[in-house]
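Okay, thanks everyone, I'll keep this short. Let me put the structure up, and then I'll walk you through the parts I spent time on.

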Amino acid sequence: MSKNLQASVLETDQRRAAWRVALAGLLALAVAMGIGRFAFTPLLPMMLHDGVIDLAAGGWLATANYIGYLIGALLCMVLRIDATRAIKLGLVSTVLLTLAMGWLQSPALWLLLRTLAGISSACTFVFASGWCLQRLAQLQAPALGGIIYCGPGLGILITGLATSAMIGQHWRAEHGWLLYGLLALILTALVWSTFSGSAAAAITPSPATHGLEPVQVARQTRGLTIAYALAGFGYIITATFLPVIARQALPGSNWPDLFWPLFGICVSIGALLATRLPTHWDNRLLLAACYLLQACGIIIGLVSPSVAGFALGSILLGLPFTAITLFAMRDARRLRGDHARSLMGLLTATYGVGQIIGPPLATRLVQGSGNFSSSLSVAALALLAGAALLGAMYRYSRKAAA
């Protein structure tokens, strides 16, 4: 076999391997995030209708999940476990915990289950992100990293459309949880064999690519961490209560059940679009642009609480959703190279802090005002503040480099 033919075969095999890794990451995040975390959002109106919880209890269930997400992210910073083993444990746990939400009809137990589901989601997200991005870098296909982050949007889309159909057929929420547990099991089986071996075993770890002094790295790390926490707070109120907010604004309409799947499909489209952007573009500017889009989406829903307003708001909130994650994790690799997992865990933890604050704040403000306007206004301001911070970081680094 000629050298040219050998090189062509090797390149083809490498490309196939890269797509396999990217698609495995996509499905893993669809399970951990799209189902394990966000299936709760479309099922919440069903749970309220069934009378098993009220809105305040729903807010606390959401908060329990976000507390678990924070705990899981913190664990990722200290755990010394093989990444593929952690991913598999996270996927299996998500399947079992989702099924248990349907089997065990106890609000007290649900708090525990949603906390554990948050831990599982965070661990799966951090380890799968780190392992897949590292493998793609080794396979010389880093641009495919955006495919991984289509997973949450795919899960949101599927669960949103399926829940809408369940509502039309008058299903109970417990049956929805069981169905999504079975779906998570099927998707887990599809990717099981891909997550094997160590991403670091074959190739020497890549160094960081910033060329900065340690004090500058520390400063940029702090800024990125604060900005990412603001993103967690900024989106979470809408992401938790969108169907409830839309039903409150559009009583008797069939549209509220469709805004969440619209959000989901836009999450996936946004992640795909992110893969088309040049990788040398500054992640901080990309993040700032994403924050501004999400802030505009929230503001539009506030100013125009109509079908068109909620639809456009869902689009603008969804398109940057996982692109934000991609750009943040990419910047973590810029700062730390293949040793970025602890920083990824820190970012995910602070994101979780923002998420924890959102739902109880929203329910508290709703009790006082009777609507979500105040809490959504605060969320939009948080995103605008995050965009301003990222812009200032970029300008400062440009001046320092001059």
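Let's begin out on the surface with His170, which is exposed, with a relative accessible area of 70%. His170 sits in the loop between helix 7 and helix 8, the latter being residues 173–191. And keep in mind throughout that this is a predicted model. What caught my eye is the backbone: phi of His170 is near 60°, a positive value in a residue other than glycine.

There's another residue like that. Gln140 has a positive phi of about 60°, and it is not a glycine either. You'll find Gln140 in the loop between helix 5 and helix 6, and it is exposed at 63% relative accessible area. Then there's a glycine with a positive phi: Gly337, just after helix 13, at about 65°.

Okay, salt bridges. How many does a search of the whole structure find? Three. One of them pairs Arg172 with Glu174, with the closest N and O atoms 3.1 Å apart. Arg172 is partly exposed at 34% relative accessible area, and Glu174 is partly exposed too, at 21%. That value for Glu174 is just on the partly exposed side, because buried means under 20%.

Another links Asp282 and Arg284, where the closest N and O atoms are 2.7 Å apart. Here the partners fall into separate classes: Asp282 is partly exposed at 22%, while Arg284 counts as buried, at 5%.

And then Asp331 with Arg334, where the side chains meet at 2.7 Å, N to O. Are these two buried or exposed? Both are buried. They lie in helix 13, three residues apart, which is about one turn of the helix. Remember that an α-helix has 3.6 residues a turn, so residues three or four places apart point the same way.

Let's stay with helix 13 for a second. It has 16 residues and reaches 23 Å from its first C-alpha to its last, close to the 22 Å expected at 1.5 Å a residue. Of those 16 residues, 15 are buried, so helix 13 is largely enclosed by the rest of the structure.

Next door in sequence is helix 12, residues 307–318. Its twelve residues should span 16 Å at 1.5 Å a residue, and the end C-alpha atoms are indeed 16 Å apart. The buried residues of helix 12 are Gly309, Phe310, Ala311, Gly313, Ser314, Leu316, Leu317 and Gly318. What do they pack against? Helix 9 (214–249), helix 10 (256–275), helix 11 (283–303) and helix 13 (321–336).

If you want one residue to look at in that region, take Gln294, in helix 11. It counts as buried, at 1% relative accessibility. Leaving out residues up to four places away in sequence, Gln294 touches Tyr235, Leu316, Leu317, Pro320, Phe321, Ile324 and Leu383. Two of the names there, Leu316 and Leu317, are also among the buried residues of helix 12.

Now let's zoom out. The protein is divided into domain 1, residues 13–193, and domain 2, residues 211–401. Their centres, taken over C-alpha atoms, are 19 Å apart. In terms of contacts, 47 residues of domain 1 meet 45 residues of domain 2. Between them the domains bury about 3,800 Å², with 76% of it on carbon and sulfur atoms. And the charged and polar side of that? Zero salt bridges between the domains, and four residue pairs in polar contact.

So who supplies the domain 1 side? Helix 2 (40–50), helix 3 (55–78), helix 5 (107–138), helix 6 (145–148) and helix 7 (151–168) each supply at least two residues. Helix 3 gives the most, with 14 residues.

Last stop, Val52, which is in the loop between helix 2 and helix 3. It's partly exposed, at 26% relative accessible area. Again leaving out residues up to four places away in sequence, Val52 touches Met47, Gln105, Pro107, Trp110 and Arg172. You'll recognise Arg172 from the salt bridge with Glu174. And to give you a sense of scale, Val52 and Asn254 are 202 residues apart in sequence and 23 Å apart in space, C-alpha to C-alpha.

That's my tour, happy to rotate the model if anyone wants another look.

Terms used
Residues numbered from 1 in each chain as written. Predicted model: local features only at pLDDT ≥ 70, side-chain atom pairs only at ≥ 80, totals over all residues. Heavy atoms only, no water. Helix = DSSP H or I, 4+ residues; strand = E, 2+ residues; numbered from the N terminus. Expected span 1.5 Å × (residues − 1). Buried < 20%, exposed > 50% of the residue type's maximum accessible area, 1.4 Å probe, protein only. Contact = heavy atoms within 4.5 Å. Domains from an automatic or database assignment. Buried area = accessible area lost by both parts, 1.4 Å probe. Salt bridge = Lys/Arg side-chain N within 4 Å of Asp/Glu carboxyl O. Polar contact = N/O pair within 3.5 Å; in protein donor to acceptor, adjacent residues only side chain to side chain.
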